[in-house]
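Welcome! Please open the structure in your viewer, and we will walk through it together, one selection at a time.

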Amino acid sequence: MDTSFNSRDMVLEMEAEVGPRLTPEEIGQLYEFFSSDLGLGISELEIDASGPELATIKATEGSAIYSGLASKDPERLALYNRLLDGVDAVGMGEALGLNVSYALVAGMVGAAKRPMSDEQIAALVKKSTINLRQAITDALNSSTAYVYRELSLVELGEYVAFLETPAARKYYELMMTALDRIMTKESRQFGNSIMVALGQRKA
């Protein structure tokens, strides 16, 4: 049975890879923020807005909120942009999108009984997802505007300031590297499993 994209195993693997690369001081700084009233409140906002049933609402209402920020609240818009840069949200979304696309394309190639190497599939995915980054940017802008809409400018500014600290930057850079590596491994494993199941490759 294929075990690719097991979320629990992936999170554990990311933690095992990132944790040892952080100093005790950096871990302490991260804990101090995430256990604070503001950190806990932000986590609650993010969890509340993470349900799949809210995807359409985040896209529509979030887009409406975001579109008015440039003229009505440029300071909040600037903070949102810094927030997304701080966690490299676009890069992380692109890594996820490319790897999921790889798994899907591998499935279609296998079903069409057209044997292709991992490199050929990756090239096909890259060509077919040329507009992926812009689509991810648009989705993140809408989602960010919706999720953090209730934060005051002071609270939002404090959150962004935390994300721009050396400890937070290092943490998210390590997480991005780990996520990209793990997602690439999982998508290749999933694609290979499909090819094997369809008789296009040997187990």
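Start by switching on the surface of this predicted model. The protein exposes about 11700 Å², and 59% of that area is supplied by carbon and sulfur atoms. Of the 203 residues you have loaded, 38% are buried.

Now change to a cartoon view. What kinds of elements appear, helices or strands? You will find ten helices and zero strands, so to follow the chain from the N terminus on is to read α-α-α-α-α-α-α-α-α-α. For contacts between residues at least 6 apart in sequence, 83% join residues at least 24 apart.

Next, go inside. Select Ile42, Leu83, Tyr148, Tyr159, Phe162 and Leu163: these have the most contacts inside the largest nonpolar core, a set of 37 residues. To see where this core comes from, colour these helices, each of which supplies at least two of its residues:

- α1 (7–18), α2 (24–34) and α3 (37–48)
- α5 (74–86) and α8 (132–147)
- α9 (153–163) and α10 (166–197)

Which helix gives the largest share of this core? Pick α10, with eight residues.

Zoom in on Leu163 and show its neighbours. Leaving aside residues up to four places away in sequence, Leu163 touches Leu83, Gly86 and Val87, and also Ala168, Arg169 and Tyr172. Leu83 is thus a good residue to keep highlighted: Leu83 is also among those with the most contacts inside the largest core.

For the last stop, select Tyr102, Val105, Ala106 and Val109. They are included in a second, separate core of seven residues.

Conventions: Residues are numbered from 1 along each chain as its sequence is written. This is a predicted model: local features need pLDDT of at least 70, side-chain atom pairs count only at pLDDT 80 or more; totals for chains, interfaces and linings use all residues. Side-chain values use heavy atoms; hydrogens and water are left out. Helices (H or I, at least four residues) and strands (E, at least two) are DSSP runs, numbered from the N terminus. Buried means under 20% relative accessible area, exposed over 50%, partly exposed in between (1.4 Å probe, protein chains only). Contact means heavy atoms within 4.5 Å. Accessible areas come from the Shrake-Rupley method with a 1.4 Å probe; for residues, only the protein chains shown count as cover. A nonpolar core is a set of buried Ala, Val, Leu, Ile, Met, Phe, Trp, Tyr and Cys residues joined through side-chain atoms within 4.5 Å.
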